[in-house]
Amino acid sequence: MNFINKLERKIGRYAIKNLMRYIIILYIIGYILMRFAPDVYNLLVFDPSLIMQGQVWRIVTFLVSCPVNTNIFFVIITLYFYYVLGSNLEQTWGAFRFNFYFFFGVILNIVVFLVAYLITGIPWSISTYFLNMSLFFAFAATYPNAEVLMFFIIPIKMKWLALIDAGYFVYIIISTFASYRMFPYPLNVIPGAFTTLEIVTALANFFIFFLLTRKAKRIDPREIYRKHKYKKSYNEGARTFSANVGHKCAICGRTSVDHPELTFRFCSKCNGNYEYCNDHLFSHQHVK
């Protein structure tokens, strides 16, 4: 049993159900305050220097910081998108695991930027924008073939959108390091330095969660290669079927023609195109 399972058994009953709904409500409150009561809003945002002076409530209240501050239409679309991602992940993972993913990401951001302030003296303020973007990667890893309508017109799979976003993140990180090497300015004036730190923190949360839940196997290059090899073997085997024999078990020799009630499958762990009936698929010795 892995770490997450053990933790869920102990404190899973305290998980907040429909968490993303409450997070979206906080964002809406934050957006309203930012627009109509900026002085109150400024008392709630994350500021490491003021936290160190005793305003510790900012560690919690910064969650109202709406990660989108453009026009109201774009805010509505973005928050709805966040809600769809979060609610679907909670339905798939369960309330506890989704709670763990989100709150661990929040805590990781707090720790990273407090430490960054102690090291650099730069009071960077943070929101959950890139944490929400990491939800996008988590959704793409869980539902890689799910389709969304880009610009409400073009259907595109989540895995391709995730790759595009990953490329954008890599571009920001590389540009930041290139700028620093060319012009060794202080960190607070290097273009993208703050964004890079947020991106790295969000991606760290994504990979830590998937490693702890053992879902990282889905994005393991060895697992991808194994699936590709199996698919290739399956397709090659399908092309070599005899029209008279159809499917044939490599153990008992029964065919789908003589025994149409049987189910036949290729074994992904055998080297070669070996097919087995449902009686021998899980009991045979693998061919190496």
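This is a short walk through one predicted chain, from the overall fold down to a few single residues.

Okay, so bear in mind that this is a predicted model. Confidence to begin with: mean pLDDT for the chain comes out at 79, with 81% of the residues at 70 or more. Where does the confidence sit lowest and highest among the elements? At the bottom we have helix H11, residues 221-239, with a mean pLDDT of 59. At the top is helix H5, residues 58-61, with a mean of 92. And the usual caution holds: where pLDDT is low, the predicted coordinates should not be read in detail.

Now the overall picture. We have 288 residues, and 38% of them count as buried. The secondary structure is 11 helices and four strands. If you take the contacts between residues at least 6 apart in sequence, 63% of them join residues at least 24 apart.

Let's go inside. The largest nonpolar core holds 56 residues, and the ones with the most contacts inside it are Tyr 27, Phe 46 and Trp 93. Which elements give two or more residues to this core? That would be H2 (19-36), H6 (72-93), H7 (95-120), H8 (129-142), H9 (158-182) and H10 (193-212). Apart from that core there is another one, of eight residues, including Leu 262, Cys 267, Cys 277 and Leu 281.

Have a look at Phe 46 for a second. Skipping everything up to four places away in sequence, Phe 46 touches Ile 51, Arg 58 and Phe 62, then Ile 110, Phe 113 and Leu 114, and finally Trp 124, Ser 125 and Ile 126.

Next, H2, and let's do the length check. With 18 residues at 1.5 Å a residue, H2 should span 26 Å, and its end C-alpha atoms are 26 Å apart, so the two agree. The buried residues in H2 are Leu 19, Met 20, Ile 23, Ile 24, Tyr 27, Gly 30, Tyr 31 and Leu 33. If that spacing rings a bell, remember that an α-helix has 3.6 residues a turn, so residues three or four places apart point the same way. And what covers the buried residues of H2? The cover includes helix H3 (38-42), along with H6, H7 and H8.

Of those partners, let's take H7. H2 and H7 pack at an angle of about 35°, and their axes are 10 Å apart. From H2, the contact uses Leu 19, Met 20, Ile 23 and Tyr 27; from H7, it uses Phe 98, Asn 99, Phe 102 and Phe 103. Sort that contact by class and you get seven nonpolar residues, one polar and no charged ones.

Just ahead of H2 there's a backbone detail. Asn 18 lies in the loop between helix H1 (3-11) and H2. Asn 18 isn't a glycine, yet it has a positive phi of about 55°. Is Asn 18 buried or partly exposed? With a relative accessible area of 37%, Asn 18 is partly exposed.

Two more helices, quickly. H8 is mostly covered, with 13 of its 14 residues buried. Its length works out too: those 14 residues at 1.5 Å each should span 20 Å, and the end C-alpha atoms are 20 Å apart. H10 has 20 residues and should span 28 Å, against 29 Å between its end C-alpha atoms, which agrees. The buried set in H10 has some non-hydrocarbon company: among them are Thr 196, Glu 198, Thr 201 and Asn 205, as well as Phe 206, Phe 209 and Phe 210.

Last stop, three single residues. Ser 49 is in helix H4, residues 48-52. Its relative accessible area is 16%, and under 20% counts as buried, so Ser 49 is buried. Beyond its neighbours within four places in sequence, Ser 49 is in contact with Tyr 117 and Pro 123.

Cys 270 is in the loop between strands S3 (264-266) and S4 (275-277). At 6% relative accessible area, Cys 270 is buried. Its contacts outside the sequence neighbourhood of four places are Tyr 276, His 284, His 286 and Val 287. Cys 270 and Val 287 are 17 residues apart in sequence, but 4.7 Å apart C-alpha to C-alpha.

And finally Lys 157, in strand S2, residues 154-157. Lys 157 is partly exposed at 29% relative accessibility. Leaving out residues up to four places away, Lys 157 touches Pro 144, Asn 145, Ala 146 and Glu 147. For the Pro 144 pair, that's 13 residues apart in sequence and 6.8 Å between C-alpha atoms.

That's my tour, thanks.

Methods
Residues are numbered from 1 along each chain as its sequence is written. This is a predicted model: local features need pLDDT of at least 70, side-chain atom pairs count only at pLDDT 80 or more; totals for chains, interfaces and linings use all residues. Side-chain values use heavy atoms; hydrogens and water are left out. A nonpolar core is a set of buried Ala, Val, Leu, Ile, Met, Phe, Trp, Tyr and Cys residues joined through side-chain atoms within 4.5 Å. Buried means under 20% relative accessible area, exposed over 50%, partly exposed in between (1.4 Å probe, protein chains only). Contact means heavy atoms within 4.5 Å. pLDDT is the predictor's confidence in each residue, from 0 to 100. Axes are lines fitted to C-alpha atoms, for helices over the stretch in contact, and angles run from 0 to 180 degrees between N-to-C directions. Ala, Val, Leu, Ile, Met, Phe, Trp, Tyr, Cys and Pro count as nonpolar, Asp, Glu, Lys and Arg as charged, and the others, Gly among them, as polar. The expected span of a helix is 1.5 Å times one less than its number of residues.
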